[in-house]
Amino acid sequence: MPPAPAGLRVGLFGGSFDPPHEGHLLVAETALRRLRLDRLWWIVSPGNPLKAGRPPAPLADRLALCRRLAEDRRIVVTAFEASHDVRYTADMVDLVLTHRPAARFVWVMGADNLATFHRWQSWRAIAARLPIAVVDRPGATLAPLSSPAARTLAAARLPEADARLLPALAPPAWTFLHGRRSALSSTRLREAAPRSS
């Protein structure tokens, strides 16, 4: 797990990234800029329990691709979940907050994930433990904002103009960020270039 001294403002950007692409990088860059983060941990997970079908590409390959994309020195690409045998985001959040209790963490996700956030294991616990930044994605603006999670957390929504305050707020707190977007998707990229079996 990367270091995180007291007061450091850190975004946690997790996913399978199979494969990573410019859209992921735009989410990371938007979060760094708009939330005024000191670091962003790009957390490559061993797999996604919500994604059925073929297994993801090897973790080492996905890590290498993410590192190639993330040139900003504030972005730390890591796969510490694998060494701790963590399967769910809620468990990873507990792990981070236990081992790095003095930093200020924010969960960062694309808007497409907000649409299904209510299906995540212990999603309410995640929202109760960390502020959340949702970054707009093409075709995923309106539906996520009317999703069960967004409706449940409506009273905790921070105006986008105040996004820089999010890392210092006690959860539940979240904001929706707009910025440059990319239409790329990992699913489409996998379908366009299937792996050999």
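The following exchange covers the fold, cores and salt bridges of this predicted model.

In this predicted model, local features need pLDDT of at least 70, side-chain atom pairs count only at pLDDT 80 or more, and totals for chains, interfaces and linings use all residues. Residues are numbered from 1 along each chain as its sequence is written, and side-chain values use heavy atoms, with hydrogens and water left out.

Colleague: How many helices and strands does the protein chain have?

Modeller: Both are DSSP runs, numbered from the N terminus: helices are H or I with at least four residues, strands are E with at least two. The count for the protein chain is nine helices and six strands.

Colleague: What percentage of the 197 residues is buried?

Modeller: Buried means under 20% relative accessible area, exposed over 50%, and partly exposed in between (1.4 Å probe, protein chains only). In the protein chain of 197 residues, the buried share is 46%.

Colleague: Which helix gives the largest share of the largest nonpolar core?

Modeller: A nonpolar core is a set of buried Ala, Val, Leu, Ile, Met, Phe, Trp, Tyr and Cys residues joined through side-chain atoms within 4.5 Å. The largest one has 34 residues, and Leu 12, Trp 41, Phe 105, Phe 117 and Trp 174 touch the most other members. Six of its residues, the largest share, come from residues 89-99, helix H4.

Colleague: How many residues are in the other core, the one with Phe 17 and Leu 25?

Modeller: This core lies apart from the largest one. Leu 37 and Val 44 are also among its members. Its size is 27 residues.

Colleague: Is Thr 78 buried or exposed?

Modeller: Thr 78 is found in strand E3, residues 75-78. Contact means heavy atoms within 4.5 Å; beyond four places in sequence, the contacts of Thr 78 include Trp 41, Trp 42 and Leu 63. Its relative accessible area is 10%, so Thr 78 is buried.

Colleague: How many residues apart are Arg 34 and Glu 160?

Modeller: Their side chains meet in a salt bridge at 3.1 Å, N to O. The rule asks for a side-chain nitrogen of Lys or Arg within 4 Å of a carboxyl oxygen of Asp or Glu. Arg 34 sits in helix H1 and Glu 160 in the loop between helix H8 and strand E6, and the separation is 126 residues.

Colleague: Which helix holds Arg 129, the partner of Asp 94?

Modeller: The side chains of Asp 94 and Arg 129 meet at 2.1 Å, N to O. Asp 94 is partly exposed at 33% relative accessibility, and Arg 129 is partly exposed at 36%. Asp 94 lies in helix H4, 35 residues from Arg 129, which is in helix H6.
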